[in-house]
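Dear colleague,

Please find the structure below, followed by a short account of its pockets and of one helix.

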Amino acid sequence: MAVRDEGDAPADRRVRVLGRPVDTYPDLAPEARRGSVRRITVVGEEVLSRPCQEVTAFGSPGLAALIDDMFVTMYVADGAGLAANQVDVDLRLFVYDCPDDQGVRHVGHIVNPVLDQPDPGSRRLVDDSEGCLSVPGASMTLPRTDRATVRGFDKDGNPLVIEGTGYFARCLQHESDHLVGHTYLDRLSKRDRKDALRQMEERSEDVFARRALKASHPR
């Protein structure tokens, strides 16, 4: 998911790492310093249009390395979230570094996530601009619920419950969509989808050039 400006700040601005507040945290997640930049898949590639497989190798070096690579790849692309199939890996996993509407920064990863949304009676939809690293250069207005909860595990198999509001709730929903084989384009009308693809065609070369430049100095 593409990044957006933060909103007003609350009293407690501590960064939430895997859902828990911490007193200090670096500008980039430590995982990024260990990772290598990978190519980001683009809408139309088959890996983005099928449900991803469950992760079973908890605690493995390969899973940890994938998370490291996903963080640095997300930062190079100026993203707020990145799913594993966006780096051509067919696994139920995403990483995020995303502010909510109160300016609180949320950082982490979640494995085998299940998305919970408010009951229809208490659900509030918010229209806001949304972009995707796999639809480079495009952004469209899309309704999402203003609250979302994702339940899953960390890379070592410990249970996680990540709650989000505002823009971070949008990020959780966006990345969860990826893992069932959907992009945000699938939620648009035919006309808006055509507009988004036109934007991508016009702007993607510039986006790829910026990513390549940043990839040469990712840290």
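**Pockets and helix α3**

Both β6 (125–131) and α4 (190–215) contribute at least two residues to the lining of the largest pocket; helices (H or I, at least four residues) and strands (E, at least two) are DSSP runs, numbered from the N terminus. The model is predicted: local features need pLDDT of at least 70, side-chain atom pairs count only at pLDDT 80 or more, and totals for chains, interfaces and linings use all residues. Residues are numbered from 1 along each chain as its sequence is written, and side-chain values use heavy atoms, with hydrogens and water left out.

A pocket is an open set of points on a 1 Å grid over the protein atoms alone, where a 1.4 Å probe fits, with protein on both sides within 12 Å along at least five of seven lines; lining residues have an atom within 4 Å of a point. With four residues, α4 provides the largest share of the lining of the largest pocket. The volume of this pocket is about 350 Å³. Among its 21 lining residues, Ala2, Val3, Ala77, Asp78 and Leu133 are the closest to the centre.

The second largest pocket holds about 240 Å³. Its lining has 11 residues, of which Asp27, Leu28, Tyr75, Gly79 and Asp97 are the closest to its centre.

All 14 of the 14 residues of α3 are buried (under 20% relative accessible area, 1.4 Å probe, protein chains only), so α3 is largely enclosed by the rest of the structure. After α3 comes Gly181, with a positive phi near 90 degrees.

Kind regards

Terms used: Buried < 20%, exposed > 50% of the residue type's maximum accessible area, 1.4 Å probe, protein only. Points joined across faces, edges and corners; volume = space filled by probe spheres on them.
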